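Walk through this structure one region at a time. Keep the sequence and the 3D view side by side.

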Amino acid sequence: AESLLSLQTLQMKCFHLCVILWFFQPGEVTGNQLIWANSSNVQVGINTTTGAIGWIRTAGTLFRVDGVSTLGEEGKEPSITSLTVKRCDKVAVCVSRSLIVHNGSQEYHATVMDTFTPNSPLNGIVQWTMKIQSASSSPWRTAISTNLTLEPLPAVSFWVPQGGNGKAFEDILQLGSGMDKFRTQLGDGYVLEKDLVAGRNIMPIPLSLFIDQKRTGVSLVHSADMDYTLAAVMDVNSTSHGYSRLYNKLGGNKVVSFHSWIVPVTSEGWRDALRWTAALNPESFGPVNVQPGSPSLSVGLGTYTCADAASINETLVVKDSGVTHNWDAHFWWPYIGMMLPPVPRGTKWKTVSWNRQCGAYYKHGQMADYSMIEDYYVSMKRDRNLTVMPYWNFFEFGRHVTWPLPPKNHSANDWMNSSQYIANHLADSIPVHPPTRSWDECLVLDPGVESWQNFLVNQAKRKLSLFGPHIGGLAIDRSDHTRAFNQLRDDGISWCGHPCASLFYGYQTAAKRVSQALQEAGSSYLLTANYNHAARIDLLKYCDGIYSECGFHHIQYVNAVGLSTIKLPAMLWTYTPAEILKYSGGPHAWFQHRLYQNVQPFAPVTGADHSIRPNATAQKYFTMYGPLFRKLRGTNWILVPDAVTISFAKTNHTKNIVANVFEQTNYIVVVVVWGTVGVPTKVAVTVGQPHHACEVMYPGQHGTAAVDLTKPITLHDGCALIACNKGSPHPILK
């Protein structure tokens, strides 16, 4: 009897174990109301009763979640009138919900269709595609949200790419925790009519992640390359991740689609998340007009000056600071937008008047011709080894433009009067009446309109034809206008309470054509984006890097620009010496922040336009850090788990120390920063990538020294840069 009882007990235990195993079986499980979409690295279980994601499993860890696509403003849940959940395409899961969405006093009917497809488009992930269709005859809009809520677990952390709060020593690569929701928005706000909406919590890349105490987690990545995301906000904390898209036009049975991916992350989490995001959005993250590894991408410090080559101090600017590129600030044009007047070589025109001192050989407002411009480009490369990036602007045209515009009056010389030229050729490109004005009382135009777009493309082709061998490409200004909408055009994508058109996607269509012109002209031209007030990764879809202002919010923009250029070069504005010398963390921390994010600053130069001019005290620091920034040229972020780890004694002098790691074809560069200036500090550095001989260099110390990373290194002025050879035992810093 005892043996029989033991056998029965064993049988019951086996039965219970089988039930448990069956419950977690990653197949179609109807007993527990789950259907699974299984990739090799992450499995997603969809609840057949609710249509929501119920479970996510990765690396042997099972997370209980509630994941759903939905419509409606915050606090206004839609009513579900029907729901179907089924297997589709053999391995995918399809969910369809019929909703009634409450928008104020109005009700709208819509169908939301979610498809969870494993291993698409890359192995090891699950693609989450949302499609919305509304039969409403009247167009409408509402928040279109992708939400993922995690059942509370101990010690769960989260991360979202962001600019940060603008404080010195803030490490935006560290994971966050807590239940207070953190709100950020894609880019730097958006403009409806003429009102700026949202604040300054910049989110350049639309992704979020959560990770548990075992360093296993999941990232929810949203598409930058494929979707029409006009504006978006994200709310995150340790358990809730919500991404809401705004201003998309619904109705008329049109299908609106969005793509997200559920990807696995480990260790620090953010390196995995960024690696997946870059692979899923290759157009936004990689160079477009040059090949990866091209010498054109080996970019040093930048300047924005109208000084000629002879007026630039070669020793301080080029050799000590390490400047490689100058954004041309001559303003050769008669007015902004008319970059190249329609005149033959040898014909002079009066350049726009401005109040900058450019040096001995040029003054704004003087006469110019194409030979003078070409001579400048040639001399800058020949005499100072500086690559010039001509000024480019997709939005602004004219000078002291009159409104209303004059009547049309065509003539061969109508270009001499910007008001008349707009009236004759570009009036349909004005996005709002009365028009939005900008620099020098010009008008903001919509680059999505054919007349203005064709003008821009022809100007780009002409610039390449005239000066191609002597320039480095085009540097885009004033991308902040991408936040606005054309209130007089319908792009079929946007809805502003009436038909409208996104200037962001107008910019995209024009940038694509200018990019094609650059590619047709050669393989070494860069098209660089200006991130100021427009810091979103899809701004780079047709660009090869960032050459940007930062609106005096330099801390946030160093972070946003660094995160956005993990495979691209970046040069970021320095406005005044005081920005460095009065920085709350001190001058060393200012430079080290840029090392940490792999962002090259602007250096002092004669003739600088609203950027840093020569200053002996500031120059001292540029001379100290110039060799370190030189070593970062052409490097990309290493995005594998635990690519670099550091350890040190925890004291008040070490509380801010952080490290990052980058690579070029032949070597790895580790930067360790934010130790206490004047206090030599020991730090143990472990590089996760295979490497050989390593050398270390410090700010202001000439030469390098061999270093053995099996032993702690010493920080000087709170900093060390370590370079390790990938494939040879020979040192590479010398």
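In this predicted model, helix α9 is largely enclosed by the rest of the structure, because eleven of its eleven residues are buried. The buried set begins with H554, I555, Q556 and Y557. It continues with V558, N559, A560 and V561. G562, L563 and S564 complete it. The cut-off behind the word "buried" is a relative accessible area under 20%.

One partner of this helix is α11. Helix α9 covers residues 554-564, and α11 covers residues 587-597. Their axes lie 9 Å apart and make an angle of about 20°. Angles under 35 degrees count as roughly parallel, so α9 is roughly parallel to α11. The crossing of α9 past α11 is right-handed. From α9, the contact draws on H554, I555, V558, N559, G562 and L563. From α11 come W590, H593, R594 and Q597. By class, the residues of this contact are four nonpolar, five polar and one charged. The contact residues on α9 also appear among its buried residues, including H554, V558 and L563.

The spacing of such contact residues has a simple background. An α-helix has 3.6 residues a turn, so residues three or four places apart point the same way.

Now turn to a second helix pair, α7 and α8. Helix α7 runs over residues 450-467, and α8 over residues 503-521. Their axes come within 10 Å and cross at roughly 25°. These two helices are therefore roughly parallel to each other. Helix α7 passes α8 in a right-handed crossing. On the α7 side, the contact uses Q453, N454, V457, A460, K461 and L464. On the α8 side, it uses G506, T509, A510, R513, V514, A517, L518 and A521. Sorted by class, the contact has eight nonpolar, four polar and two charged residues.

Helix α8 also leads to a sheet. This is an open sheet of three strands in the order β29-β31-β30, with antiparallel pairing. The edge strands are β29 and β30, each pairing on one side only. Helix α8 packs on this sheet and touches β29 and β31. Its direction makes about 50° with that of β31.

Look at the strand pairs one by one. Strand β29 spans residues 485-486, and β31 spans residues 499-502. The two run antiparallel and are joined by two bridges. F485 faces S502 in β31. N486 faces A501 in β31. On the other pairing, strand β30 spans residues 494-495 and is joined to β31 by two bridges, again antiparallel. Here W495 has P499 of β31 as its bridge partner. The hairpin of β30 and β31 has three residues between the strands. Within that hairpin, G497 takes a positive phi near 85°.

Three single residues show other settings. Start with S418. It lies in helix α6, which covers residues 418-426. Is S418 buried or exposed? S418 counts as buried, because its relative accessibility is 5%. Leaving out residues up to four places away in sequence, S418 touches Y335, F397, G398, R399 and V401. V401 is 17 residues away along the chain, yet the C-alpha atoms of S418 and V401 are separated by 6.5 Å.

Next comes T70, found in strand β4, residues 61-71. T70 is buried too, with a relative accessible area of 14%. With residues up to four places away in sequence left out, T70 touches P78, A143, I144, S145 and N147.

The last stop is G178. This residue sits in the loop between β10 (157-159) and β11 (182-186). How does its accessibility class come out? G178 counts as partly exposed, because its relative accessibility is 30%. Partly exposed is the range between buried, under 20%, and exposed, over 50%. G178 touches F158, N237 and S238, again not counting residues up to four places away in sequence. Compare its position with that of G678. The two glycines are 500 residues apart in sequence. In space, their C-alpha atoms are 35 Å apart.

Notes: Residues numbered from 1 in each chain as written. Predicted model: local features only at pLDDT ≥ 70, side-chain atom pairs only at ≥ 80, totals over all residues. Heavy atoms only, no water. Pairing = 2+ DSSP bridges. Helix = DSSP H or I, 4+ residues; strand = E, 2+ residues; numbered from the N terminus. Axes fitted to C-alpha atoms, helices over the stretch in contact; angles between N-to-C directions. Parallel < 35°, antiparallel > 145°, perpendicular 65-115°, else oblique. Left-handed = near helix turned anticlockwise from the far one by under 90°. Contact = heavy atoms within 4.5 Å. Nonpolar A, V, L, I, M, F, W, Y, C, P; charged D, E, K, R; others polar. Buried < 20%, exposed > 50% of the residue type's maximum accessible area, 1.4 Å probe, protein only.
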